[in-house]
Amino acid sequence: MVKRESQDWSNGKTTNLYLMRHGECEGGQILRGQTDVALSALGKTRMKQAIEQLDLDPEFDRETGFEQVICSPLRRCSEFALSIYLEKGIPLKMEDGLKEIDFGDWDGETLETLYENSADVIEMYWKNPWAFTPPNGETMQAFESRVNKSWDSIVSQYAGQTLLLVTHGGVIRHLMSKALGATGVAGFYTQLALAYASIVKITVYSSPQGEHFTKLHWG
């Protein structure tokens with residue numbers, strides 16, 4: 001394996017990816033997954049405010065801004081991403097790999113109903129989703145594989161650019177875990193607080209030889 005210090009990082013590319021979770025949604029306390037629901041009025045407002053707040057971030061290059069917006073095709077992400085495209089003219093691409101995990105038979109059900117009927121099974125899933133899959137749902141292994149595939153493609157295709165990815169809590173938590181080298185750790189997802197409309201930055205440094213070094217920013 002080639003050691004990182006032998007790579008020529010000075011001639012590489014730096015890709016800044018801002019991962020935005022969608023805002024509050026209509027439909028109440030349900031397990032959304034791939035259930036396609038719209039943002040609430042508050043959700044739209046909070047997402048707009050979060051983007052405006054980036055102007056106060058000294059790490060955000062206001063002159064360059066976002067060169068590309070990439071989003072999950074589900075409405076709670078795509079409708080806001082489309083509004084950015086219409087307002088600012090930033091190129092927009094929808095990416096199926098950035099969809100939330102599919103909870104199968106649980107998808108779209110209220111949390112109250114799920115806990116009334118399947119409390120023990122739900123708790124088992126939250127504690128270790130790699131060991132248990134909801135009925136007819138997507139396995140964590142399959143979910144992470146498709147997210148990784150999309151991530152690798154995005155980093156390769158848009159190397160050196162500043163991107164906005166509008167996506168879901170599960171997708172962002174996986175990418176945060178990956179950046180920290182803590183994938184597949186039972187209970188780790190639930191320890192990562194990620195409010196609606198919050199933004200997480202991940203920087204990927206790429207050497208000309210194709211080696212990548214990833215940094216997660218928060219706070």
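Reader: Which residues line the largest pocket and lie nearest its centre?

Author: Start with the lining, then look at the middle. In this predicted model, 33 residues line the largest pocket. Nearest its centre lie Arg21, Leu31, Phe103, Trp126 and Arg173.

Reader: What is the volume of the largest pocket?

Author: About 790 Å³.

Reader: Which helices supply at least two residues each to that lining?

Author: Map the lining onto the secondary structure. α3 (111–127), α4 (140–157) and α5 (169–179) each reach that count. α3 gives the most, with four residues.

Reader: How many lining residues are nonpolar, polar or charged?

Author: Sort the lining by class. There are 17 nonpolar residues, nine polar ones and seven charged ones.

Reader: Now the interior. Which residues have the most contacts inside the largest nonpolar core?

Author: A core is read as a network of buried side chains. Here the largest one holds 34 residues. Leu17, Leu19, Trp151, Ile154 and Leu165 have the most contacts inside it. Strands β1 (13–21), β4 (162–167) and β5 (199–206) each give two or more residues to this core, as do helices α3, α4 and α5. The top contributor is α4, with six residues.

Reader: What does Leu17 touch, leaving out residues up to four places away in sequence?

Author: Follow one residue outward. Leu17 contacts Trp151 and Ile154. Its other partners are Leu163, Leu165, Val200, Lys201, Ile202 and Val204.

Reader: How many residues are in the second, separate core?

Author: That core has 22 residues. Among them are Met20, Cys25, Met47 and Cys77.

Technical notes:
Residues are numbered from 1 along each chain as its sequence is written. This is a predicted model: local features need pLDDT of at least 70, side-chain atom pairs count only at pLDDT 80 or more; totals for chains, interfaces and linings use all residues. Side-chain values use heavy atoms; hydrogens and water are left out. On a 1 Å grid over the protein atoms alone, a cavity is a set of points where a 1.4 Å probe fits but cannot get out, and a pocket is an open set with protein on both sides within 12 Å along at least five of seven lines; lining residues have an atom within 4 Å of a point. Grid points are joined across faces, edges and corners, and a volume is the space filled by probe spheres set on the points. Ala, Val, Leu, Ile, Met, Phe, Trp, Tyr, Cys and Pro count as nonpolar, Asp, Glu, Lys and Arg as charged, and the others, Gly among them, as polar. A nonpolar core is a set of buried Ala, Val, Leu, Ile, Met, Phe, Trp, Tyr and Cys residues joined through side-chain atoms within 4.5 Å. Buried means under 20% relative accessible area, exposed over 50%, partly exposed in between (1.4 Å probe, protein chains only). Contact means heavy atoms within 4.5 Å.
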